[in-house]
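Please work through the exercises below with the sequence and the structure at hand, and try each task before reading its solution.

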Amino acid sequence: MYEIWLMLNIVWEIALELWPLLLGAAVLWLALMGASWRTASSQWRAGLLPALAIGVVTALVAVLLVPGWLRSTLSDMGYWLDWATLLGLAAALGGVAAAFAWPVFAWRHGHARA
């Protein structure tokens, strides 16, 4: 249990350092959502599958690249919490990629039909 709280504390401390970037990303995502909502509100389902594909590919690539970004290797990961952290980070990066890609693909699909 201690390891989980430690991991959450580390995530919180990193987020405190990066809050301007996180705020900027949130504003950009809301702008994309707003622009897509007005122009392609009926095309959300069409944009979902390509966005999910981008998210899955991003997550798979992240599993391979994140350890190097953190100055580690996959062979250093011997504890279940290491793997849970890696898979969680990869899933988060994939989710962010899908969240940013979804309104873009919906908007693009809406403009392709017009």
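The exercises that follow concern a predicted model, and each task is paired with a worked solution.

**Exercise 1. The nonpolar surface patch**

Task: Find which residues make the nonpolar surface patch of about 950 Å², and work out which helix gives the largest share of the patch.

Solution: Begin with the members, which are Val57, Val61, Leu64, Leu65, Trp69, Leu70, Leu74, Trp83, Leu89 and Leu93. Next, place them on the helices: at least two residues of the patch come from helix H3, which spans 44-69, and at least two from helix H4, which spans 80-113. The largest share belongs to H3, with five residues. As a last step, take one member, Trp69, which is part of helix H3; its relative accessibility is 57%, and because exposed means over 50%, Trp69 counts as exposed.

**Exercise 2. The largest pocket**

Task: Describe the largest pocket by stating how much space lies in it, which helices supply its lining, and how the lining residues divide into nonpolar, polar and charged.

Solution: Start with the volume, since the largest pocket holds about 1000 Å³ of space. Its lining consists of 29 residues, and those nearest the centre of the pocket are Val11, Ile14, Leu70, Thr85 and Leu89. Then turn to the helices: helix H1 (2-17), helix H2 (19-40), H3 and H4 each contribute at least two residues to this lining, and H4 contributes the most, with eleven. Finally, sort the lining by residue class, which gives 24 nonpolar residues, three polar ones and two charged ones.

**Exercise 3. Met33 and its distance to Trp107**

Task: Decide whether Met33 is buried, partly exposed or exposed, and state what distance separates its C-alpha atom from that of Trp107.

Solution: First locate Met33, which belongs to helix H2. Its relative accessible area is 21%, and because buried means under 20% and exposed means over 50%, Met33 falls in between and is partly exposed. For the distance, note that Met33 and Trp107 are 74 residues apart along the chain, while their C-alpha atoms are separated by 9.3 Å.

**Exercise 4. The backbone at Arg71**

Task: State where Arg71 lies, what is notable about its phi angle, and whether the residue is buried or exposed.

Solution: Arg71 is located in the loop that runs between H3 and H4. Its phi is near 60 degrees, which is a positive value in a residue other than glycine. For background, most residues other than glycine have a negative phi. The relative accessibility of Arg71 is 79%, and because this is over 50%, Arg71 counts as exposed.

Conventions:
Residues are numbered from 1 along each chain as its sequence is written. This is a predicted model: local features need pLDDT of at least 70, side-chain atom pairs count only at pLDDT 80 or more; totals for chains, interfaces and linings use all residues. Side-chain values use heavy atoms; hydrogens and water are left out. Patches are made of residues with over 30% relative accessible area and no salt bridge: like charges are joined within 9 Å, nonpolar side chains (Val, Leu, Ile, Met, Phe, Trp, Tyr) within 5 Å. Accessible areas come from the Shrake-Rupley method with a 1.4 Å probe; for residues, only the protein chains shown count as cover. A salt bridge is a side-chain nitrogen of Lys or Arg within 4 Å of a carboxyl oxygen of Asp or Glu. Helices (H or I, at least four residues) and strands (E, at least two) are DSSP runs, numbered from the N terminus. Buried means under 20% relative accessible area, exposed over 50%, partly exposed in between (1.4 Å probe, protein chains only). On a 1 Å grid over the protein atoms alone, a cavity is a set of points where a 1.4 Å probe fits but cannot get out, and a pocket is an open set with protein on both sides within 12 Å along at least five of seven lines; lining residues have an atom within 4 Å of a point. Grid points are joined across faces, edges and corners, and a volume is the space filled by probe spheres set on the points. Ala, Val, Leu, Ile, Met, Phe, Trp, Tyr, Cys and Pro count as nonpolar, Asp, Glu, Lys and Arg as charged, and the others, Gly among them, as polar.
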